[in-house]
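Please look at the model below and consider how its helices pack against one another. Two packed helices are described by the angle between their axes and the distance between the axes.

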Amino acid sequence: MSLVESVKSVFSKYATFSGRARRSEYWWYSLVIFILSAIVGGIGNDILTFVFSLVILVPTLAVGVRRLHDTGRTGWWILIGLIPVIGTIILIVFFVQDSEPGSNQYGPSPKGAGAQTA
């Protein structure tokens, strides 16, 4: 999935917490949000930063939950990110793991039926 496809996919599923998200979808979106956050933060306008944070809050949580689903975990694991440092590290480890091959309880593999890994 390309950068543009990833961002479009995340925003088209703005508040969709069901289903699965590929690693590429999650990480391309994260890169774009990181860059935009740096730009918005660099402008130094607190109101703009607050509005930007509100706009990206729901899709960021949604794609994180879908990414956890793709690894076979419940979306409630996203709450471990509330634990300073350790929670973030654990989530990063979960987010970089490969998809569960085939279908799982959250839906079919977003990689497609023929792209299962051994």
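Axes are lines fitted to C-alpha atoms, for helices over the stretch in contact, and angles run from 0 to 180 degrees between N-to-C directions. Helices are DSSP runs (H or I, at least four residues), numbered from the N terminus. The model is predicted, so local features need pLDDT of at least 70 and side-chain atom pairs count only at pLDDT 80 or more, while totals for chains, interfaces and linings use all residues. Residues are numbered from 1 along each chain as its sequence is written, and side-chain values use heavy atoms, with hydrogens and water left out.

Consider one pair of helices. The axes of α2 (residues 23-43) and α3 come within 11 Å and cross at roughly 170 degrees. The two helices are therefore roughly antiparallel, a term for angles over 145 degrees. Among the residues in contact (heavy atoms within 4.5 Å) are Tyr26, Tyr29 and Ile33 of α2 and Phe52, Ile56 and Val63 of α3. By class, this contact has eleven nonpolar, five polar and four charged residues.

Helix α3 (residues 46-70) also meets helix α4 (residues 86-96): their axes come within 8 Å and cross at roughly 60 degrees. α3 and α4 are therefore oblique to each other; oblique covers the angles left over when those under 35 degrees (roughly parallel), over 145 (roughly antiparallel) and 65 to 115 (roughly perpendicular) are set aside. Here Gly64, Arg67 and Leu68 of α3 touch Leu91, Phe94 and Phe95 of α4. This contact comprises four nonpolar, one polar and one charged residues, where Gly counts as polar, Arg as charged, and Leu and Phe as nonpolar.
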